[in-house]
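Me: I have a chain open on my screen and would like to learn how to read it feature by feature. Could you walk me through it?

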Amino acid sequence: MATLTKLDDIVSLCKRRGFIFQSSEIYGGLASCYDYGPLGSELKRNVRNAWWKSTVQMRDDVVGLDCSIFMHPLVWKASGHADKFADIVTVCKKCNVRSRVDHLANAENKKAEGLADKVCPACGAVGQFTEPMPFRLMFETQMGANVDDSMTIFLRPETAQGIFVNFRNVLDTTRIKIPFGIAQIGKSFRNEVTTKRFIFRTREFEQAEIEFFCAPGTDKQWYEHWKETRFNWYLNLGIKKENLRLRPHEKDELAHYAKACVDVEYKFPFDVDDWQELEGIANRTDFDLRQHQRGMRTLNAWYEKKGDLSKIELNSESEDYQKGPLSYFDEEGKQRFIPYVIEPSAGIDRSCLAFLVDAYDEDEVNGEKRSLLRFHPALAPVKAAIFPLVKKDGLPEIARNIYDDLKKYFSCFYDEKSAVGRRYRRQDEAGTPFCITVDGQTKEDQTVTVRERDSMKQERINISQVKQYLREKLDI
Ligand code: ATP
């Protein structure tokens, strides 16, 4: 299937079946913002739950956190976001459209590095660009109702900083010891220069991040561990191996504080062979905790002098920073240090898109096209649909009873409208792994047919076995 057609097909299926809608659609829509509909919100919740289960529930060395989106302005000063979180952009002199410099393509047969040979993605003009300049990505807002004491704060551009500033709280309130991680899922906001590509890059999105704290010297081993663990997470949830790869960052791509970084990339159907980041895994060294120690000291000094908090500059780092308030005392090795951090940072929306793209398929049944989502059972929005073959002879009552029992354990759907073949197709398109049909024979021998989505094979089982059957097949 041609790649671009595939994305168009998915966008239209998402709208048609209630996975994803344009935000504020009845008002003409708000660019780059999307709403998850009845099926989409289930899918997204399942993606979050699968991440949480594998990173928090199934591990003894990771705990969860849920921080507020608004944070003290100094957090962003210390983290570097207030000064440095910007994209380098240029404006096309012909059409006035702003573009990220690193997203500009070369004109055909041109290989030059500068802007002279780059093409404007909006109007196609070549080399008509203004001088590159930074464009700040954080959204600003005002907190507080009074003019005198309101202050400018930012919507967080990542969830990670909430974890760093709670490092001490988590250490002091749990018995956890290094090496350990803190995990969080939540909304982040970036005033992205270019959006497009459906939910791939939006200005409001959800991240799933782990900050894994370890002793300096063990960081390389934990970096390898998380690379493998996170890569396998996508494979275990059904992403095809040929569509997934790890791409280590080149030296010149690395943030100044990062020792190493690798992206988990997915082959998205935007262009031919368009490998794009799904998740970044970075060795952030001890940079963040050291910076927040500087932030804490700066604020303490500011309380004495006062002044304009928005113009505050960080104090220099004290020489004994290894003994600072965010340091860790290792009982066994009898030493104090600032932990190193390995950060796997994933996007929930981007993962949803990858799972949708990877699961989407078309085949032919009795000469008719069938489109389906071959979701992993853990991700499928609905696990089982229950149908009476016809809407009479007491079959709806039996089907309803089965549905009422199953819905206590699985997300289920009851449907008695239209021909059963059409009902199957609708569930295939929603990615429902099993359809259970009650027919005339049910009344005689208490059996129903169970139809499997991918193979379309049907088998008859006793009503009393349905719950256990689904448990085993769904593995949930
Ligand atoms: P990019 O280079 O694509 O802008 P990034 O390297 O800035 O991404 P990170 O800061 O590493 O992204 O964010 C971690 C993860 O958060 C990304 O891998 C992605 O899944 C998700 N993410 C980041 N920005 C967006 C966005 N604007 N829309 C949707 N998801 C995003």
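Reply: Sure. Let's start with K44, which sits in helix α2, residues 38-57. Keep in mind that this is a predicted model.

Me: How do I read the surroundings of a residue like that? Is K44 buried or exposed?

Reply: The general idea is to compare the relative accessible area with a cut-off: buried means under 20%. K44 has a relative accessible area of 7%, so it counts as buried.

Me: And which residues does K44 touch, leaving out its close sequence neighbours?

Reply: Beyond four places away in sequence, K44 touches Y36, E206, I348, D349 and C352. For a sense of distance, try R284: K44 and R284 are 240 residues apart in sequence, and their C-alpha atoms are 28 Å apart in space.

Me: R284, then. Which side chain makes a polar contact with R284?

Reply: That would be E343: the side chains of E343 and R284 are joined by a polar contact of 3.4 Å. E343 belongs to strand β18. With 7% relative accessibility, E343 is buried, because the cut-off for that class is under 20%. The residues E343 touches, again leaving out those up to four places away in sequence, are A160, E209, I210, E211, G280, I281, A282 and R284.

Me: β18 makes me think of the ligand. Which strands each supply at least two residues of the shell around the ligand?

Reply: Good place to look. When you read a binding site, ask who surrounds the ligand, then where those residues come from. Here 16 residues surround the ligand, and the closest are E192, R201, T202, E277 and L278. Strands β12 (204-214), β15 (274-285) and β18 (340-347) each supply at least two residues of that shell. The largest share, four residues, comes from β15.

Me: What is the make-up of the shell by class?

Reply: Seven residues of the shell are charged, five are polar and four are nonpolar.

Me: Which protein atoms lie close to oxygen atoms of the ligand in E277, L278 and R350?

Reply: Read each one by whether side chain or backbone is involved. For E277, a polar side-chain atom lies 2.6 Å from an oxygen atom of the ligand. L278 uses its backbone: a polar atom there is 2.9 Å from a ligand oxygen. For R350, an N or O atom of the side chain is 3.3 Å from an oxygen atom of the ligand. As for cover, the ligand on its own has 600 Å² of accessible area, and the protein covers 82% of that.

Me: Now the backbone. What should I look for there?

Reply: Look for departures from the usual pattern: most residues other than glycine have a negative phi, and most peptide bonds are trans. In this chain, the peptide bond from I178 to P179 is cis, with omega near 5 degrees. P179 is in the loop between α6 (167-173) and β11 (180-189).

Me: Which residues other than glycine have a positive phi?

Reply: S32 is one of them, with phi near 65 degrees. S32 lies in the loop between β1 (20-22) and β2 (34-36), and with a relative accessible area of 7% it is buried. M456 also has a positive phi, about 65 degrees. M456 is in the loop between β24 (447-452) and β25 (458-462). Its relative accessible area is 25%, so M456 is partly exposed.

Me: Where is P377, and what does it touch?

Reply: P377 is in the loop between β20 (368-373) and β21 (384-388). At 22% relative accessible area, P377 is partly exposed. Not counting residues up to four places away in sequence, P377 touches K383, P433, K473 and L474. P38 is 339 residues away along the chain, and the C-alpha atoms of P377 and P38 are separated by 17 Å.

Me: Let's zoom out. How is the chain divided into domains?

Reply: Check whether a domain is one stretch or several. Domain 1 is assigned 2-69 + 156-286 + 339-354, domain 2 is 86-136, and domain 3 is 382-474. The C-alpha centres of domain 2 and domain 3 lie 55 Å apart.

Me: And how many helices and strands are there?

Reply: The chain has 13 helices and 25 strands. Its C-alpha atoms fill a box of roughly 85 × 60 × 50 Å along the principal axes. Of its 476 residues, 50% count as buried.

Terms used
Residues are numbered from 1 along each chain as its sequence is written. This is a predicted model: local features need pLDDT of at least 70, side-chain atom pairs count only at pLDDT 80 or more; totals for chains, interfaces and linings use all residues. Side-chain values use heavy atoms; hydrogens and water are left out. A residue is near a molecule or strand if one of its heavy atoms lies within 4 Å of it. A polar contact is a pair of N or O atoms within 3.5 Å; within protein, one must be able to donate a hydrogen and the other to accept it, and residues adjacent in sequence count only if both atoms are side-chain atoms. Accessible areas come from the Shrake-Rupley method with a 1.4 Å probe; for residues, only the protein chains shown count as cover. Ala, Val, Leu, Ile, Met, Phe, Trp, Tyr, Cys and Pro count as nonpolar, Asp, Glu, Lys and Arg as charged, and the others, Gly among them, as polar. Domain bounds come from an automatic or database domain assignment. Buried means under 20% relative accessible area, exposed over 50%, partly exposed in between (1.4 Å probe, protein chains only). Contact means heavy atoms within 4.5 Å.
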